[in-house]
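The following paragraphs lead through one molecular structure, region by region. The reader is invited to keep the sequence and the model in view throughout.

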Amino acid sequence: MKKKVYLNHDGGVDDLISLFLLLQMEDIDLLGVGVIPADCYLEPAMYASRKIIDRFGNGDKIEVAASTSRGKNPFPKDWRMHAFFVDALPILNENLPISTKEAELPAHKHLVQQIQQSNEPVTLVFVGPLTDLARALEEAPEIEENIEKLAWMGGTFLDVGNVEEPEHDGSAEWNAFWDPEAVQKVWESNIEIDLIALESTNMVPLTVDVRNQWAAERKDIGIDFLGQCYAMVPPLVHFQTNSTYFLWDVLTTATIGKSDLVKKKQVNCTVHPQGASQGKTEISEEGRAVNLVYEVDREQFFGYITSLSRQH
Ligand code: AGV
Ligand code: CA
């Protein structure tokens, strides 16, 4: 039986590759996609998502819903531009106009609808902020019962997160920082949560080595798509900078298709809702339980996503 999955993403390179990979997984039934304008601009991220489903979705009828959510702390503009570059790739623009439909409902309501209509519990994959899920739970708390689990790319318990912004102390991860209150709201639910935090995503930086492997195989259209997308963002070369790219969301997505790539342990934690540490997740006995993904087999991970991408 196929696993029912709903994806909510925020239009970054690894968000859009996550969508592409979910479409390649044989035992996954993708019910719908929501796009939130956090680490992207909404319009190109919506177009790119619909074009990826057209090109790589094997004829599946999947709707893409636009979010009306707004965050507390905006992402840097340079990063938000990435969706424009993916949307403009020739491989996604061979066959216009776009066939995949934009949903009539906004993303949080589309999420509620898809969960309610599913005859089996739905696995949620969130690779951006949690705002649409928090709003969905506010509107229809009963959907919780038809959620298998949530896999979320977010948070960290390391001393250093990945937010480098004025008025912040650097301890948070960006998806949590964009809307810390949404994290708090989701934490109040009873949904089982897998937290793909920086502990594990730090182990999968983009490197020149990996890029070159994809380049060598670019005759395969799926590998070429990977290579073209990851040509837009900076790899780790000499040392890590604020813009160094990791395969954050792709690791999150890969755990859905192949759970033995990673190690998990249960921790209790809370989130800082405001102040200089806002968005920081912190271990605390009184906090809520989550499954922290803290380690990944890097070789196996890249092997898995590369073989998934090959078009036969
Ligand atoms: O914090 C990681 C999240 C992931 O969902 N995003 C990017 C991934 O899609 C924000 C982010 C942190 N550092 C970044 C980010 C960077 N250097 N470039 C672009 N986005
Ligand atoms: Ca993302």
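**A guided reading of the model**

Glutamate 167 is exposed, with a relative accessible area of 79%. The model in which this residue appears is a predicted one. Glutamate 167 belongs to the loop between strand 5 and helix 7 (174–178), and its phi is positive, about 70 degrees, although the residue is not a glycine.

A second non-glycine residue with a positive phi is asparagine 58, where the angle is about 50 degrees. Asparagine 58 sits in the loop between helix 2 (42–56) and strand 3. The relative accessible area of asparagine 58 is 62%, and because the threshold for exposed is over 50%, this residue counts as exposed.

Another backbone feature is found in the loop between helix 4 (82–87) and helix 5, where proline 97 is placed. The peptide bond that leads from leucine 96 to proline 97 is cis, its omega being near 0 degrees.

Helix 5 itself spans residues 107–117, and its buried residues are Ala107, His108, His110, Leu111, Val112, Gln114 and Ile115. An α-helix has 3.6 residues a turn, so residues three or four places apart point the same way. The partners against which the buried residues of helix 5 pack include strand 1, strand 2 (28–35), strand 3 (64–66) and strand 4. Helix 6 and strand 5 (147–153) are also among these partners.

The metal site comes next. Which protein atoms serve as donors of the calcium ion (ligand 2)? They are supplied by Asp10 (OD), Asp15 (OD), Asp15 (OD), Val127 (O) and Asp249 (OD), at 2.3 to 2.6 Å from the ion. The spacing of the donor residues of the calcium ion (ligand 2) along the sequence is D-x4-D-x111-V-x121-D. Distant parts of the chain are linked here by a pair 117 residues apart: aspartate 10, in the loop between strand 1 (3–9) and helix 1 (13–24), and valine 127, in the loop between strand 4 (122–126) and helix 6 (131–139). Aspartate 10 is buried, at a relative accessible area of 1%, and valine 127 is likewise buried, at 0%.

Aspartate 15, another of the calcium donors, is placed in helix 1. Is this residue buried or exposed? Its relative accessible area is 2%, so aspartate 15 counts as buried. Leaving out residues up to four places away in sequence, aspartate 15 touches His9, Asp10, Val127, Gly128 and Asp249. Three of the residues in that list, Asp10, Val127 and Asp249, also appear among the calcium donors. Proline 97, by contrast, is 82 residues from aspartate 15 in sequence and 23 Å from it in space, C-alpha to C-alpha.

Ligand 1 is surrounded by 17 residues, of which the closest are Asp14, Asp39, Val127, Glu173 and Asp249. Val127 and Asp249 are thus named both here and among the donors of the calcium ion (ligand 2). Individual atom pairs add detail to this site. A polar side-chain atom of aspartate 39 is 2.7 Å from a nitrogen atom of ligand 1, while an N or O atom in the side chain of asparagine 175 is 3.0 Å from an oxygen atom of ligand 1. Serine 243 takes part through its backbone, with an N or O atom 3.3 Å from a nitrogen atom of ligand 1. On its own, ligand 1 has 420 Å² of accessible area, and the protein covers 99% of it.

The cysteines can be considered next. The structure holds zero disulfides. For cysteine 40, the nearest cysteine sulfur is that of cysteine 229, 14 Å away. Cysteine 40 is buried, at 0% relative accessibility, and cysteine 269 is also buried, at 0%.

Cysteine 269 is one of the contacts of serine 284, together with Asn268 and Thr270, once neighbours within four places in sequence are left aside. Serine 284 lies in the loop between strand 8 (281–283) and strand 9 (288–296). With a relative accessible area of 17%, serine 284 is buried, because buried means under 20%.

The route ends in helix 13 (residues 298–309), which contains tyrosine 304. This tyrosine is buried, with a relative accessible area of 13%. Apart from residues up to four places away in sequence, tyrosine 304 touches Met25, Ala254, Gly257, Lys258 and Leu261. Alanine 88 is 216 residues from tyrosine 304 along the chain, and their C-alpha atoms are separated by 27 Å.

Note on methods. Residues numbered from 1 in each chain as written. Chains lettered and ligands numbered in written order. Predicted model: local features only at pLDDT ≥ 70, side-chain atom pairs only at ≥ 80, totals over all residues. Heavy atoms only, no water. Helix = DSSP H or I, 4+ residues; strand = E, 2+ residues; numbered from the N terminus. Buried < 20%, exposed > 50% of the residue type's maximum accessible area, 1.4 Å probe, protein only. Contact = heavy atoms within 4.5 Å. Donors = N, O, S within 2.8 Å, 3.2 Å for Na, K, Ca; no water. Near = heavy atom within 4 Å. Polar contact = N/O pair within 3.5 Å; in protein donor to acceptor, adjacent residues only side chain to side chain. Areas by Shrake-Rupley, 256 points an atom, 1.4 Å probe, with all protein chains shown as cover. Disulfide = S-S within 2.5 Å.
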